[in-house]
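Welcome! Take a moment to look over the sequence and the 3D picture below, and then read on for a short guided tour.

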Amino acid sequence: MNIFEKIYSLLAIIFAAGVITCLIYFPQLRQLDRLIPICLLGLVTNIGLMFIVLRDIYSRQFRDQGRKYFWMALVLLFWPSILFYLPRYGFRPRVI
């Protein structure tokens, strides 16, 4: 990952945590007229995050090919797995 992708990933995770926190502590944000723009912004942000992470998984060399498919499936099916993937592989340089 380059520096822009790392910063974008961190900001997207902070945004997701902030939205969850705001929805818990501010019930007025749960109204439909406020919730739809927040969710659309979150959708766009997370599509970008998923693109960056999946591209990194695809271009990274793992010791066995099964690990690459494992991480792809895990990231696609379970969003919080990104929180484990990024520090373990994503923020480290790719070995060619």
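This briefing goes from the overall fold to the helices, the aromatic rings and a pocket. Please keep in mind that this is a predicted model. The protein chain has 4 helices and 0 strands, and its elements run α-α-α-α from the N terminus on.

**The overall picture**

- Along its principal axes, the C-alpha trace of the protein chain spans about 50 × 25 × 20 Å.
- The protein chain has 96 residues, and buried residues make up 28% of them.
- Take the contacts between residues at least 6 apart in sequence: 61% of these join residues at least 24 apart.

**Helix H1**

- The 23 residues of H1 should span 33 Å at 1.5 Å a residue, and the end C-alpha atoms are indeed 33 Å apart, so the two values agree.
- Which residues of H1 are buried? They are Glu 5, Ser 9, Ala 12, Ile 13, Ala 16 and Val 19.
- These buried residues of H1 pack against H2 and H4.

**Two residues of H1 to compare**

- Ile 3 is found in helix H1, and so is Ser 9.
- Is Ile 3 buried or exposed? Its relative accessible area is 62%, which is over the 50% cut-off, so Ile 3 counts as exposed.
- Ser 9 has 0% relative accessibility, which is under the 20% cut-off, so Ser 9 counts as buried.
- Ile 3 and Leu 40 are 37 residues apart along the chain, and their C-alpha atoms are separated by 25 Å.
- Ser 9 and Asn 46 are also 37 residues apart along the chain, with their C-alpha atoms separated by 9.1 Å.
- Leaving out residues up to four places away in sequence, Ser 9 touches Met 1, Leu 49, Ile 52, Leu 86 and Phe 91.

**Helix H2**

- Helix H2 covers residues 32–59, and its 28 residues should span 40 Å at 1.5 Å a residue; its end C-alpha atoms are 40 Å apart, so expectation and model agree.
- The buried residues in H2 are Gly 42, Thr 45, Leu 49, Met 50, Ile 52, Val 53, Asp 56 and Ile 57.
- What do the buried residues of H2 pack against? Their partners are helix H1 (3–25), helix H3 (65–77) and helix H4 (81–90).

**Aromatic rings**

- The structure holds 6 aromatic pairs. One of them joins Tyr 85 and Tyr 89, a tilted pair with 5.7 Å centre to centre and 35° between the planes.
- Tyr 85 and Tyr 89 both lie in helix H4, 4 residues apart, which is about one turn of the helix.
- In general, an α-helix has 3.6 residues a turn, so residues three or four places apart point the same way.
- Tyr 85 and Tyr 89 are both buried.
- Phe 62, Phe 70, Trp 71, Tyr 85 and Tyr 89 form one aromatic cluster.

**The largest pocket**

- The largest pocket has a volume of about 220 Å³.
- Which residues line the largest pocket? They are Arg 60, Gln 61, Phe 62, Arg 63, Arg 67, Arg 88, Tyr 89, Arg 92, Pro 93, Arg 94 and Val 95.
- The lining of the largest pocket divides into 4 nonpolar, 1 polar and 6 charged residues.
- Phe 62 and Tyr 89 appear in this lining, and both also belong to the aromatic cluster.

How values were computed
Residues are numbered from 1 along each chain as its sequence is written. This is a predicted model: local features need pLDDT of at least 70, side-chain atom pairs count only at pLDDT 80 or more; totals for chains, interfaces and linings use all residues. Side-chain values use heavy atoms; hydrogens and water are left out. On a 1 Å grid over the protein atoms alone, a cavity is a set of points where a 1.4 Å probe fits but cannot get out, and a pocket is an open set with protein on both sides within 12 Å along at least five of seven lines; lining residues have an atom within 4 Å of a point. Grid points are joined across faces, edges and corners, and a volume is the space filled by probe spheres set on the points. Ala, Val, Leu, Ile, Met, Phe, Trp, Tyr, Cys and Pro count as nonpolar, Asp, Glu, Lys and Arg as charged, and the others, Gly among them, as polar. Helices (H or I, at least four residues) and strands (E, at least two) are DSSP runs, numbered from the N terminus. The expected span of a helix is 1.5 Å times one less than its number of residues. Buried means under 20% relative accessible area, exposed over 50%, partly exposed in between (1.4 Å probe, protein chains only). Contact means heavy atoms within 4.5 Å. Rings of Phe, Tyr and Trp (its six-membered ring) pair if their centres lie within 6.5 Å; planes under 30 degrees apart count as stacked, over 60 as edge-to-face and the rest as tilted.
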